[in-house]
Amino acid sequence: MSADRFSLSAEEYLGQSHVLTYLEDAVSQLLEYKEEHSKIGIARFLAEYFTSVKHGSHILFREFSFVQATPYNRASFIRMFWQCFRQIGKNGDLLTVLEYHSLLQLICHDFPLDLAQKAARIILMDDAMDCPMSFVDFLYAFQIQFYYCEFLGSIGTVYQDLHMGKNPNTVIVPTSSIEQCQSPTTETPTQDGVDAAQFYDCLETLCDRYRYNHPSTLSLKQILHKVERVTFFGFLMAIVKHEGINGTLGIVPNKLELFADSEMDQELEKFIDQLLNTPATSRPTHKEPTRKTTHRKTITHRKKVNVESDGSTEETDSSEN
């Protein structure tokens with residue numbers, strides 16, 4: 001538990017932790033499905049609800065308004081997206097933004113296309129939006145775009161004002177709704193960019209207005225002090241690639257560990273390894289009569305193959321193919 005928690009008032013702590021959001025949602029779920037939950041009891045329902053919150057599975061198949069309601073919900077959704085579809089990255093498949101949006105909707109049915117497109121824009125920049133992207137590129141861009149959506153919308157306003165020669169400190173109004181997030185479009189000139197030092201000074205002021213949900217000013221300083229001028233999407237891409245920002249979020253691992261086997265995968269590999277290394281005579285045989293009977297009814301020559309093989313069902317099936 002952070003030591004800063006004890007320096008907060010009760011109201012500040014409740015606002016930062018969003019405890020009331022989950023209490024209200026739990027009560028709402030309880031009332032909506034009261035007939036079903038009355039069978040298991042209120043105490044058990046609440047225990048299961050907050051267990052799912054702890055594990056991050058509470059956002060599965062929920063409406064977007066709930067998924068984006070808290071930083072923890074957003075982090076849980078990003079992590080769930082990575083866990084569910086990381087096999088795409090393992091296979092090296094390239095998908096379009098519409099295909100990635102379809103995957104997002106498998107977890108949240110009303111997830112807006114606009115957010116997926118904004119994440120894709122960070123990667124594609126001036127390329128056509130229908131260009132395919134790797135899972136790794138989309139995942140890290142989507143993480144930054146979704147988790148810091150309001151902040152990115154505000155720095156987009158800062159960038160546009162600087163590019164037009166305005167004083168951004170007099171016009172910035174931080175957004176409070178994810179649907180209101182705005183980013184510079186492809187119509188905004190991006191070849192020259194803006195002065196990086198001036199841009200950082202404006203962002204440092206902006207960060208003071210965002211107490212919880214923005215990258216550290218140190219990380220932003222590290223990015224902007226390396227260059228004299230910066231474009232908006234170039235800056236966003238630098239944030240996406242910044243290992244310190246990704247590590248601070250702690251949502252998905254770094255690229256070297258992104259496809260490392262999870263505990264579930266390791267258990268599965270152990271099980272498969274045991275099957276492969278166990279002699280055929282010592283394997284469970286309660287299913288064998290059914291399989292052999294099926295083979296004799298359909299393809300008679302498999303009997304000979306089974307005799308010649310080590311008894312592995314997988315080898316027998318592959319001989320058919």
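Which residues do ring pairs link into a cluster? I opened the notebook with that one, keeping in mind that this is a predicted model.

**Entry 1, the rings.** My search of the whole structure turned up 21 aromatic pairs. I picked out phenylalanine 111 and phenylalanine 142, a tilted pair at 5.7 Å centre to centre with 55° between the planes. I then checked where the two partners sit: phenylalanine 111 is in the loop between helix H7 (97–107) and helix H8 (113–124), while phenylalanine 142 belongs to helix H9 (residues 135–147). They are 31 residues apart, and the pair links distant parts of the chain.

**Entry 2, the cluster.** Back to my opening question: ring pairs join Phe64, Phe77, Phe81, Phe85, Tyr100, Phe111, Phe135, Phe138, Phe142 and Phe146 into a cluster.

**Entry 3, burial.** Are phenylalanine 111 and phenylalanine 142 buried or exposed? Phenylalanine 111 has a relative accessible area of 1%, so I noted it as buried. Phenylalanine 142 comes out at 0%, so it is buried too.

**Entry 4, arginine 62.** I found this residue in the loop between helix H4 (42–55) and helix H5 (64–67). Arginine 62 has 10% relative accessibility and therefore counts as buried. Its side chain makes a polar contact with the side chain of glutamate 63 at 3.1 Å. Setting aside neighbours within four places in sequence, I listed contacts of arginine 62 with Asp25, Gln29, Val67, Ile107, Cys108 and Asp110.

**Entry 5, charges over rings.** Arginine 62 lies over the face of phenylalanine 66, 4.0 Å from the ring centre. I also logged arginine 74 over the face of phenylalanine 146, at 5.7 Å from the ring centre. Phe146 is one of the residues in the cluster from Entry 2.

Definitions and conventions:
Residues numbered from 1 in each chain as written. Predicted model: local features only at pLDDT ≥ 70, side-chain atom pairs only at ≥ 80, totals over all residues. Heavy atoms only, no water. Helix = DSSP H or I, 4+ residues; strand = E, 2+ residues; numbered from the N terminus. Buried < 20%, exposed > 50% of the residue type's maximum accessible area, 1.4 Å probe, protein only. Polar contact = N/O pair within 3.5 Å; in protein donor to acceptor, adjacent residues only side chain to side chain. Contact = heavy atoms within 4.5 Å. Phe/Tyr/Trp six-rings, centres within 6.5 Å; stacked < 30°, edge-to-face > 60°. Lys NZ or Arg CZ within 6 Å of the ring centre and 35° of its normal.
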